[in-house]
Amino acid sequence: MLHDIFVPLSDLNGAKNGQKVQVSITDWPEGAKNPIGKITTILGEQGENNTEMNAILAQFGFPLVFPPEVEKEANAIPEEITAADLKGRKDFRETITFTIDPADAKDFDDAISFKALPNGNYEVGVHIADVSHYVKPNSHLDKEAYSRATSVYLVDRVIPMLPERLSNGVCSLRPNEDKLCFAAVFEIDEKANIITEWFGRTVIHSNRRFSYEEAQEVIETKEGDYADEILKLNELAYILRDRKFKNGAISFESTEVKFKLDETGKPIGVYVKERKDAHKLIEDFMLLANKKVAEFIAKKGKGKQKYTFVYRSHDSLISKTSVILRFSRPVLVTRSI
């Protein structure tokens, strides 16, 4: 902003000298060099970590809070699951299920279920939190999510697409709680061939929340909670991964830098994040779910009756070559568009 904004004392909104603030321009009289405005938000004391992070968000137009009507709508959603909520869902609450996420994750939006079948095959389910059960079309929550489009990740925080009541609570697949999901469930043989597939709504009960480090320790030591299940999933993931690259997949391996922060959020160190089998296990099964869902929808309808669907497109990579891409998170869409 090249011009100072003049703020009348009556429109300071409690702000004090030295604080960073957001200002809304209320008038710019004809012929005047400077506009007139009012302070709408106090970001905090200049130089403090939280203030500067909020200033970055404000600078790029990211919302700092949810509108009151959105928070009210979210807070009105009950956490208890009723019999009506379970209608039409497959019940996976007795099937071993767990999440694997970063150690500092606050929300858990995907889980894997595993069951050894009598015929020697395995049932593997990829379960995604069923947000659409709670976020209804044209509601305040739906419109706000549409406006935000995605969650925004900063070095020390997440600006969620949905209020914390949903993102970290009702829709977070926390352990030892019944949760509603949308799932892709596969019967897989020892060579990771897909025998059958099913897509639909489920209810799960996560038995364990693993960090990537904890799951990796199980893989390396072959001991720990649900070691048999994790080791078999890792074995199947290796086969899926090898097959993926033989079929032309591109490896997007890159170096990711992470920051160590102190209790105030100040960076005190930098380290390179190492991707190990636990990370790849999750990615390969998420990719399997994405790929099979995309194939399922693509075969539905013909011509003008073909289904509209959401895909991730990398035009420069696929203009002349058909490739399979690996993503870190699923593209199962469960909210209305």
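**Helix packing and sheet architecture in the predicted model**

The axes of helix α2 (residues 68–75) and helix α4 (residues 140–148) come within 8 Å of each other and cross at roughly 120°. This angle makes α2 oblique to α4, and the model in which this arrangement is found is a predicted one. The crossing in which α2 passes α4 is left-handed. On the side of α2 the contact is made by E69, V70, E73 and A74, and on the side of α4 by H140, L141 and E144. Classified by residue type, the contact of α2 with α4 comprises three nonpolar, one polar and three charged residues.

The sheet is considered next. Seven strands are arranged as an open sheet with mixed pairing, and their order is β3-β10-β9-β6-β5-β4-β11. The edge positions are taken by β3 (90–91) and β11 (208–211), each of which has a single partner strand, so one side of each is left without a neighbour in the sheet. In general terms, the strands of a sheet pair through backbone hydrogen bonds, in either a parallel or an antiparallel manner. For strand β4 (residues 96–101) and β11 the pairing is in the parallel sense and extends over four bridges, and T99 stands opposite R209 in β11.

These two strands are also linked through side chains. The structure holds five aromatic pairs, and one of them is formed by F98 and F210, whose rings adopt an edge-to-face arrangement with 5.5 Å from centre to centre and 80° between the planes. The pair links distant parts of the chain, given that F98 belongs to strand β4 and F210 to strand β11, and that the two residues are 112 residues apart.

Helix α6 (residues 212–221) lies across β4 and β11 and runs at about 90° to β11. The same helix packs with α7 at an angle of about 85°, the axes being 9 Å apart, which means that α6 is roughly perpendicular to α7. In this contact A215, V218 and I219 in α6 meet A227, I230, L231 and N234 in α7. By class, the contact of α6 with α7 contains six nonpolar residues and one polar residue, with no charged residues.

Helix α7 (residues 227–246) packs in addition with helix α8 (residues 277–298), at an angle of about 65° and with the axes 9 Å apart, and the crossing in which α7 passes α8 is left-handed. The contact involves I230, L233, N234, L236, A237, Y238, L240, R241 and K244 of α7, together with D277, K280, L281, D284, F285, L287 and L288 of α8. The residues of this contact of α7 with α8 divide into 10 nonpolar, one polar and five charged. Both I230 and N234 of α7 thus appear in the contact with α6 as well as in the contact with α8.

Methods:
Residues numbered from 1 in each chain as written. Predicted model: local features only at pLDDT ≥ 70, side-chain atom pairs only at ≥ 80, totals over all residues. Heavy atoms only, no water. Axes fitted to C-alpha atoms, helices over the stretch in contact; angles between N-to-C directions. Parallel < 35°, antiparallel > 145°, perpendicular 65-115°, else oblique. Left-handed = near helix turned anticlockwise from the far one by under 90°. Contact = heavy atoms within 4.5 Å. Nonpolar A, V, L, I, M, F, W, Y, C, P; charged D, E, K, R; others polar. Pairing = 2+ DSSP bridges. Phe/Tyr/Trp six-rings, centres within 6.5 Å; stacked < 30°, edge-to-face > 60°.
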